[in-house]
Amino acid sequence: MHRRHAGNGIRLDELLEAAADPIEVFRADWGTYQTAIRENYMFHRDISTAIRKLLDQLQGPLKVLDLGCGDASQIPEIFKPGQVAEYRGCDLSAQALDVAHSNLAHLGNRAELLCRDMLEVLRESPVDCYDIVYSSYALHHLPSEEKQAFLNECRRTLGADGILILVDIMREEGETLPEYFDRYIERMDADWTGFSDIERRSIQDHIRSCDYPESPSVLQSLARNAGLKKSRKLEKRTWHQAWCFMA
Ligand SMILES: C[S@@+](CC[C@H](N)C(=O)[O-])C[C@H]1O[C@@H](n2cnc3c(N)ncnc32)[C@H](O)[C@@H]1O
C-alpha cells in the first residue's frame with residue numbers, strides 16, 4: 001500500500017487514525033504537541049506566568065499532584081526552586097513521560113511519574129493529602145459526568161488550604177460546541193503557522209472528535225457541587241484559561 005507522509009517523517013494515515021482517539025494523538029506523536037508549546041499557540045507562557053504569581057505567594061514546601069501532566073514542561077516555570085516537597089504526575093502517554101523525566105530532573109527523587117489514568121490516580125489518592133492539585137489542558141478530554149467525578153476527587157484529596165489550579169480550553173458563555181469548534185479551528189488556521197496544512201488538519205480532526213470543553217460557569221458549578229468554595233480566574237487568552245479553586 002502506498003503510504004502518504006505528513007512531511008516530517010510521520011505517516012498521514014497514522015496521524016488521521018490517531019485523531020480519532022483522545023489519547024492516541026499524544027501517544028503517537030508528542031513532538032507535534034511540543035511544537036504547540038514552544039510556539040506558545042496555547043498560551044502556556046502567559047498562563048504559567050499568571051500561575052507563578054499565585055504560587056509565589058504561598059509558603060512551601062508543597063505537595064503537588066499533576067493530572068494529565070504530559071511532559072511537565074511548565075512545572076519548572078510555575079514553582080520556585082525548592083518550593084516542591086513532593087510531586088506526583090500521571091499521564092497515559094509514555095512518550096510524554098519520558099520527556100517529563102528530564103524536565104523534572106531538578107526535583108530528583110521528590111518527583112514520581114505514573115503512566116496511568118488520572119481519574120484512577122485521583123480515586124486512589126488519600127484524603128487531605130495535597131497542597132496543590134494542578135491539571136493543564138487535560139480535563140476537556142473527559143465527558144461531563146467524569147468531569148464532576150474529577151472535581152469531587154480533587155476536593156477530597158486537597159488539604160484544608162489546598163488549591164486546585166485548572167488550565168484548560170473553555171468555551172465562551174453561550175457558545176455551542178459546534179460554534180466553538182468552527183471558531184477555534186478558524187483561529188488555528190490563521191495563527192498556528194508552524195504546522196503544515198496536513199498536521200493542522202490532523203490536530204483539527206482530533207479536536208472535533210475528542211474535545212469537550214466546558215464554559216467557566218459550568219466548571220464553576222461543578223466545582224461548587226464538589227465542595228470547592230471560592231474560584232478565581234488567573235488568566236484568559238482566547239479560549240485558553242487558568243482558574244484556581246479553593247478547598
Ligand atoms: C494537551 S496535553 C497537556 C499536557 C500538559 N499538561 C500541558 O499542559 O502541556 C493533554 C494530556 O492529557 C493526557 N490525558 C488525557 N486524558 C487522560 C487521562 N484520562 N488520564 C491521564 N492522562 C490523560 C494526554 O495523554 C496528554 O498528555
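These notes go through a predicted model point by point, from the overall chain to single residues.

1. Overall content. The chain holds eleven helices and seven strands. It has 247 residues, and 40% of them count as buried. Among contacts with a separation of 6 or more, 69% are between residues 24 or more positions apart.

2. Confidence. The average pLDDT of the chain is 91, and 89% of the residues reach at least 70. Residues 1–12 have a pLDDT below 50, although the model shows 18 contacts for this stretch beyond near neighbours in sequence. Another stretch under 50 is residues 15–19, with 13 contacts beyond four places in sequence. The placement of both stretches should be read with these scores in mind.

3. The ligand shell. Which residues are closest to the ligand? They are Gly-68, Gly-70, Met-118, Ser-136 and Ala-138, out of 17 residues that surround it. By class, the shell consists of ten nonpolar, five polar and two charged residues.

4. Strand β7 and its burial. Strand β7 covers residues 240–246, and five of its seven residues are buried, so the rest of the structure largely encloses this strand. The two pairings of β7 described next are with β5 and with β6.

5. Pairing of β7 with β5. Strand β5 spans residues 158–169 and runs antiparallel to β7, with seven bridges joining the two. One position in this pairing is Ile-169, which stands opposite His-240 of β7.

6. Pairing of β7 with β6. Strand β6, residues 231–237, is also antiparallel to β7, and six bridges link them. Here Arg-237 has His-240 as its bridge partner. His-240 of β7 is thus named in both pairings, opposite Ile-169 and as partner of Arg-237. The connection between β6 and β7 is a hairpin with two residues between the strands, and Thr-238 in that turn has a positive phi of about 45°.

7. The two faces of β3. In a regular strand, side chains point alternately to one face of the sheet and the other. Strand β3, residues 111–114, has Ala-111 and Leu-113 on its covered face. Glu-112 and Leu-114 lie on the uncovered face. A leucine is therefore found on each side of this strand, Leu-113 on the covered one and Leu-114 on the uncovered one.

8. The unit around β3. Strand β2, residues 84–90, pairs with β3 in the parallel sense through four bridges. Within this pairing, Arg-88 has Glu-112 of β3 as its bridge partner. Helix α6, residues 94–103, belongs with these two strands in a right-handed β-α-β unit.

9. Asn-109. Is Asn-109, in the loop between α6 and β3, buried or exposed? Asn-109 is exposed, because 6 other C-beta atoms lie within 10 Å and a residue counts as exposed at 12 or fewer. Its C-alpha is 9.2 Å from that of Tyr-87, a residue 22 positions away in sequence.

10. Ser-144. This residue is part of helix α8, which covers residues 144–157. Ser-144 is exposed, with 11 other C-beta atoms within 10 Å. The C-alpha atoms of Ser-144 and Pro-213 are separated by 9.4 Å, while the two residues are 69 apart along the chain.

11. A cis peptide bond. The bond from Gly-60 to Pro-61 is cis, and its omega is near -10°. Pro-61 sits in the loop that connects α4 (44–56) with β1 (62–67).

12. Positive phi at Asn-40. Asn-40 is not a glycine, yet its phi is positive, about 60°. The residue lies in the loop between α3 (30–38) and α4. With 12 C-beta neighbours inside 10 Å, Asn-40 counts as exposed, since the limit for that class is 12 or fewer.

13. Positive phi at Tyr-137. Where does Tyr-137 lie? Tyr-137 is in the loop between β4 (130–136) and α8. It too has a positive phi without being a glycine, at about 55°. Tyr-137 is buried, because 21 other C-beta atoms lie within 10 Å and 20 or more are enough for that class. Of the two residues with positive phi in these last points, Asn-40 is therefore exposed, whereas Tyr-137 is buried.

How values were computed:
Residues are numbered from 1 along each chain as its sequence is written. This is a predicted model: local features need pLDDT of at least 70, side-chain atom pairs count only at pLDDT 80 or more; totals for chains, interfaces and linings use all residues. Two residues are in contact if their C-beta atoms, placed from the backbone, lie within 7 Å. A residue is near a molecule or strand if its C-beta atom, placed from the backbone, lies within 6 Å of it. Ala, Val, Leu, Ile, Met, Phe, Trp, Tyr, Cys and Pro count as nonpolar, Asp, Glu, Lys and Arg as charged, and the others, Gly among them, as polar. Two strands pair if DSSP finds at least two bridges between them. pLDDT is the predictor's confidence in each residue, from 0 to 100. A crossover is right-handed if, with the strands pointing away from the viewer, the path from the first strand over the helix to the second runs clockwise.
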